[in-house]
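Ready for a few exercises on strands, a core and a pocket? Have a look at the model first, then work through the solutions.

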Amino acid sequence: MRFDHAGIATRDAPDLAELFADLLDAPVVHEETFDGMEVVFLELDGGGYLELLEPTEGGVIADYLDREGPGIHHVALATADLPEALDRARDLGVDLVDEEPRSGAWGHEVAFLHPRSTGGVLVEFVEH
C-alpha cells in the first residue's frame, strides 16, 4: 500500500483549494459533486493528493463539521486489491465501517476502517 490522500473536511472547498494551490503549489486536478459533497483533489508534488470535502447537504461530512469543525477527516491508502486488504484487516480484528467495497470519489472503489480499531484514525482503502 501507499499513501493516496488525506481527506479534509471544510465549509469552503473553493477558498481552501485556492490557498493550498498557492501555498503548496498543488494544482487542482479533479472536482466533482459526489454523495452530497463538493469534492476537490489537489495533487501534491512527489505523490498523493489532498481531498477537500465540502457538504452540499446533510450527511457524514456535515455531521463531522458540526461535531469536530474543519480539519483532517481521514487518511487514504491505495491498494491494488481492496477485497484482499479488507480480509487482512478482518484477520487482524480491525472493525470495518464498510464490509464490502463501495463506490467512492473519482470512480474508485473504497472501504473505510473504523477509527476505534486504528488508533483514532479513520482509514480509507482505495483501489487503483
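**Exercise 1.** Which residues does Val40 touch, leaving aside neighbours within four places in sequence?

*Solution.* Contact here means heavy atoms within 4.5 Å. With that cut-off, Val40 is in contact with Ala13, Ala17, Val28, His30, Glu31, Leu50, Glu51 and Leu52.

Before going on, a word on the ground rules. This is a predicted model, where local features need pLDDT of at least 70 and side-chain atom pairs count only at pLDDT 80 or more, while totals for chains, interfaces and linings use all residues. Residues are numbered from 1 along each chain as its sequence is written, and side-chain values use heavy atoms, with hydrogens and water left out.

**Exercise 2.** Work out which residues make up the largest nonpolar core, and which elements supply them.

*Solution.* Start with the term: a nonpolar core is a set of buried Ala, Val, Leu, Ile, Met, Phe, Trp, Tyr and Cys residues joined through side-chain atoms within 4.5 Å, and buried means under 20% relative accessible area (1.4 Å probe, protein chains only). The largest such core has eleven residues: Ala6, Ile8, Ala13, Leu16, Ala17, Phe20, Ala26, Val40, Leu42, Leu50 and Leu52. Next, the elements: β1, α1 (13-24), β3 and β4 each give two or more residues to this core. The largest share, four residues, comes from α1. Helices (H or I, at least four residues) and strands (E, at least two) are DSSP runs, numbered from the N terminus.

**Exercise 3.** Lay out the strand order of the sheet and find its edges.

*Solution.* Two strands pair if DSSP finds at least two bridges between them.

1. β1 and β5 run antiparallel and are joined by seven bridges; Ile8 has Ile72 as its bridge partner in β5.
2. β1 also pairs with β4, in the parallel sense, over five bridges; there, Ala6 is partnered by Leu50.
3. β5 and β8 run parallel, with five bridges, and Leu77 stands opposite Phe125 in β8.
4. Put together, eight strands form an open sheet with mixed pairing, in the order β2-β3-β4-β1-β5-β8-β7-β6.
5. β2 (28-34) and β6 each have a single partner strand, so they stand at the edges with one side lacking a neighbour in the sheet.

**Exercise 4.** Sort the lining of the largest pocket by residue class.

*Solution.* Take Ala, Val, Leu, Ile, Met, Phe, Trp, Tyr, Cys and Pro as nonpolar, Asp, Glu, Lys and Arg as charged, and the others, Gly among them, as polar. The lining then divides into 15 nonpolar, nine polar and six charged residues. For the term itself: on a 1 Å grid over the protein atoms alone, a pocket is an open set of points where a 1.4 Å probe fits, with protein on both sides within 12 Å along at least five of seven lines, and lining residues have an atom within 4 Å of a point.

Notes. Buried means under 20% relative accessible area, exposed over 50%, partly exposed in between (1.4 Å probe, protein chains only).
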